[in-house]
Amino acid sequence: ASFTISLRSLDNTTVLIKRRHDVRSSCQIRVKSVTGSELKIKPGESVTFIFTCSNPENYFIMEIQKNIDCVSGPCPFGDVHLYPVGLPRLNRTFIWDVKASTKAGLELQFSTLWLRQIEPGETCPDLVSYNINSCIDKAMVNIGTFCRNGSVSRVKLLGGVVMSLHLPWDSPLTTSGFNIANRASIKRLCIIESILKGESSITLMSPNYPLGFPEDELMTWQFVVPSNMRASVFFHNYSLSNCERKEERVEYYLPGSPSNPEVFKLTDSQPANIAGSFNLSLQGCDQDAQNPGILRLLFQVVVQHPQVDENVTHVVDLSKERNMTVTIHWEGWPSRVPLVSEPMCLICKDPRSCDRLLTLVSGTVYRISFLCKDLSQLRITAEKGISCVDLRWCQKKVYSLSVPQAITQLPIRLSKFTWKLLAPDLINIEIMSPSLKLQQHVPEQRCNTSYSYNIISATSKTELNLGVLCPGGSIEKIQMRNNVTISLKTFGKGFLNESNHQDLKMSFVPHIKDECVFTVRPDPKAKVYLQTPNWPYGLPPYVSVSWYIIVPQKQVARLGFSKERVGMACETGRAYVSVREETPAAEETVRREDELLPEPRNMHRDFWVNISNCKPVDKMQLALQFRVMLADKQIDLGVILAVVAGAGVLAAIGLTVCCVKKKKKKSQNPMVGVYNANVNTQVPGKQGLFKKGRKNNESHVYAVIDDAMVYGHLLKESNGSVAPEVDVYRPFDGPMGSLPPSPPPFSFRKDIKRCSNTEEPSSLTDTEHDTYTFAQQKLGQSEDSGETSEKNNEETSTSLLENKEQDGSVE
């Protein structure tokens, strides 16, 4: 198809068709027999042409420029039309270059589809955009780029203006959308009018953004706000130039203000909750010629209905706090910046100072209010620092790591509270949870509380992350060598109810050997799962961690590791896993990284688990998990039978000794030893033989036999130890009786001579748990119990004697 473009001389319009610079093509423009890649049609010319391809919109663009002189001749007020008509369907730009005097500015008025300013590089949804430039003394100032459907209704400019309209090739737009209203002296660079209807939010920028506002210029934004609405101003991005004279500032004309204009610095919090229309002006300064700097501003104006609770004041008393900051912000801050279109939620520290983010510092009392329909959008993040310089001063002090009531009483969810604990060299940190205790969040034992702690011990070279811990476990205490960061995170609304029961505390303690030491008191009703820090990535090289497990006196702990081997190799040094009970003579079980881990075992006393790392081979890490479960101590029935059988043999020997040996004086104190003939295995007498009862006689005391050779033929040496010739010891699984403990079997160590009547007896075997009396009756036992014991002793002695007489073993 061919196209014909005719331009009148009076219109002073030029059309230029040229190839897009970003494409290469053989498509040409043919005028008669001449082809080329560009065609220019001047005022008064009429040209017919064709394109040599069927899709010229992919390769060519068109510029239509109209020059308007409002200085030497009349200014064509009214609507500005798109001229000429019948243009080919190409991407086109209409440019109106209007010359005007600096003493009589121009006013551009836009139709009902007002304009919305966009940042440089941003595109409009319909690809239709306006660009406004002002001409002052041959200098071009870019007022801004705008899309349709906005709030900017008018723009007044000082001097001439260059107005551009960019249309895509398929745009159905047939009108320019603006008119030249009149000429008026404004004595400033420009005035931009913005009409805000209903709840809305707009973003505006200073001229030449982001390159810089012209030196020593003044411009104004006029905002028309319905009287029943409230407006707030927020500066999101700005920079300052280097001023030689004057000062950069913003000025406000606010409704009802007694001191208009109100002057603010760009660094100040800007007015909020403004009732009605207002003006905002930006004033530049005389810049340093050598280093001018850049003055620029991007800001937001939000209009919303008055909030019902805007007059409700919340007192946040931080006057007694130290080294603490509290930030109230929108959800997702700082990783997520709220969109301009999102509902605004404001925090105000006074009626005219509001923002989406408010930071409170310790030592001050605040009275804040909220301009927000839904407070669930807001969150609280706080941080508190605790440090120690002199251990003599801070060692005796216990610090509470609980969220202050000033925060928990606010109607906003606490997102995170962080304690930064700082300790110099040779001073360590101890964290305690006396009543609630802590548990590690592991797959086998997950936290289901409304809050949890993340504990990290760190230096400049290494970091030890203890993982997620929550209340309701078995960890009473954690000691760490380095600076520690504890972060409390909440889940849901339950924390408001549970916050009153927090019991996490900390103190500063002297230097410890390991990087981290856990003190664990297992729950008797549940398994306790424990794992190395930095799970699952592994301990840092050459780091040692210990667990001290407390075992109740009448219980036994079952210790087991989650896998058979450590599963790593060392490049330098050795990695160790060691287990040792807290007794002087206890043997320590040690396994290297290339050995099998200890089998599941019973631990009868408090014990230590230590895991020490080497420098692992690349991509191999030391990460272990183990479990502890408590159970009641039990004695096997076989042991009781063996003890009773041994008691029968000892009774016969005792009676023999009594016939040949002289009776010892009663005043002599019995020594802890092998066997006492005066026990309930004596030949029974008549009823009432034990006159004093068990409380007052010595029938329950084992005394030393002077001549051990009397029963030496019953002893047998085996590898330097003495073993009884009765039965093999087995744990007792049956029910416990109410009789007094039976005498111990003949099983004694070689160091028996160093025992004395003031020492406690050694265990019968490595797994023996019965307790025997080696001294007088315990305080508080009644006479009735003594008489009952006496009766039981006499009945037992009679029964034993009858059994021995049948065997002919009594002389």
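How many bridges join strand 39 to strand 40 (residues 463–471)? The legends below take up this question first and then turn to other close-up views of the structure, which is a predicted model.

**Figure 1. Strand 39 and its two antiparallel partners, strand 40 and strand 42.** Strand 39 is joined to strand 40 (residues 463–471) by 6 bridges, and the two run antiparallel. A hairpin of 4 residues leads from strand 39 to strand 40. Within this pairing, Ser457 has Leu464 of strand 40 as its bridge partner. Strand 42 (residues 483–490) is likewise antiparallel to strand 39, with 8 bridges between them; here Tyr453 stands opposite Leu488 of strand 42. Strand 39 (residues 451–458) is largely enclosed by the rest of the structure, because 6 of its 8 residues are buried.

**Figure 2. Surroundings of Asn534 in the loop between strand 45 and strand 46.** The loop that holds Asn534 runs between strand 45 (528–531) and strand 46 (544–549). With a relative accessibility of 15%, Asn534 counts as buried, since the cut-off for a buried residue is under 20% relative accessible area. Leaving aside residues up to four places away in sequence, Asn534 touches Glu463, Leu464, Asn465 and Pro540. Two of these contacts involve backbone atoms reached by the side chain of Asn534. A polar atom of this side chain lies 3.1 Å from the backbone oxygen of Glu463, and the side chain also reaches the backbone nitrogen of Asn465 at 2.5 Å. Leu464, touched by Asn534, is also the bridge partner of Ser457 in the strand pairing of Figure 1.

**Figure 3. An open antiparallel sheet of 4 strands.** The strand order in this sheet is 18-27-20-24. Strand 18 (200–205) and strand 24 (274–275) form the edges, each pairing on one side only. Strand 20 (residues 230–241) and strand 27 (residues 293–304) are paired in the antiparallel sense over 10 bridges. Tyr238 has Leu297 in strand 27 as its bridge partner.

**Figure 4. Aromatic pairs and an aromatic cluster.** The structure holds 21 aromatic pairs. One of them joins Phe49 and Phe51 in an edge-to-face arrangement, with 5.7 Å centre to centre and 90° between the planes; both residues are buried. Phe561 and Phe626 form a tilted pair, also described by 5.7 Å centre to centre, with 50° between the planes. This second pair links distant parts of the chain, as Phe561 belongs to strand 47 (residues 555–561) and Phe626 to strand 54 (residues 625–632), 65 residues apart. Phe561 is buried, with a relative accessible area of 9%, and Phe626, at 1% relative accessibility, counts as buried as well. One aromatic cluster is made up of Phe94, Trp96, Phe110, Tyr130 and Phe178.

**Figure 5. Lining of the largest cavity.** There are 3 cavities of 30 Å³ or more in the structure, and the largest has a volume of about 50 Å³. The residues that line the largest cavity are Thr13, Ile64, Lys66, His81, Tyr83, Phe94, Ile95 and Trp96. Strand 7 (60–69) and strand 9 (91–99) are the elements that give two or more residues to this lining. Strand 9 provides the largest share, 3 residues. Phe94 and Trp96, which take part in the lining, also belong to the aromatic cluster of Figure 4.

Technical notes
Residues are numbered from 1 along each chain as its sequence is written. This is a predicted model: local features need pLDDT of at least 70, side-chain atom pairs count only at pLDDT 80 or more; totals for chains, interfaces and linings use all residues. Side-chain values use heavy atoms; hydrogens and water are left out. Buried means under 20% relative accessible area, exposed over 50%, partly exposed in between (1.4 Å probe, protein chains only). A polar contact is a pair of N or O atoms within 3.5 Å; within protein, one must be able to donate a hydrogen and the other to accept it, and residues adjacent in sequence count only if both atoms are side-chain atoms. Contact means heavy atoms within 4.5 Å. Two strands pair if DSSP finds at least two bridges between them. Rings of Phe, Tyr and Trp (its six-membered ring) pair if their centres lie within 6.5 Å; planes under 30 degrees apart count as stacked, over 60 as edge-to-face and the rest as tilted. On a 1 Å grid over the protein atoms alone, a cavity is a set of points where a 1.4 Å probe fits but cannot get out, and a pocket is an open set with protein on both sides within 12 Å along at least five of seven lines; lining residues have an atom within 4 Å of a point. Grid points are joined across faces, edges and corners, and a volume is the space filled by probe spheres set on the points.
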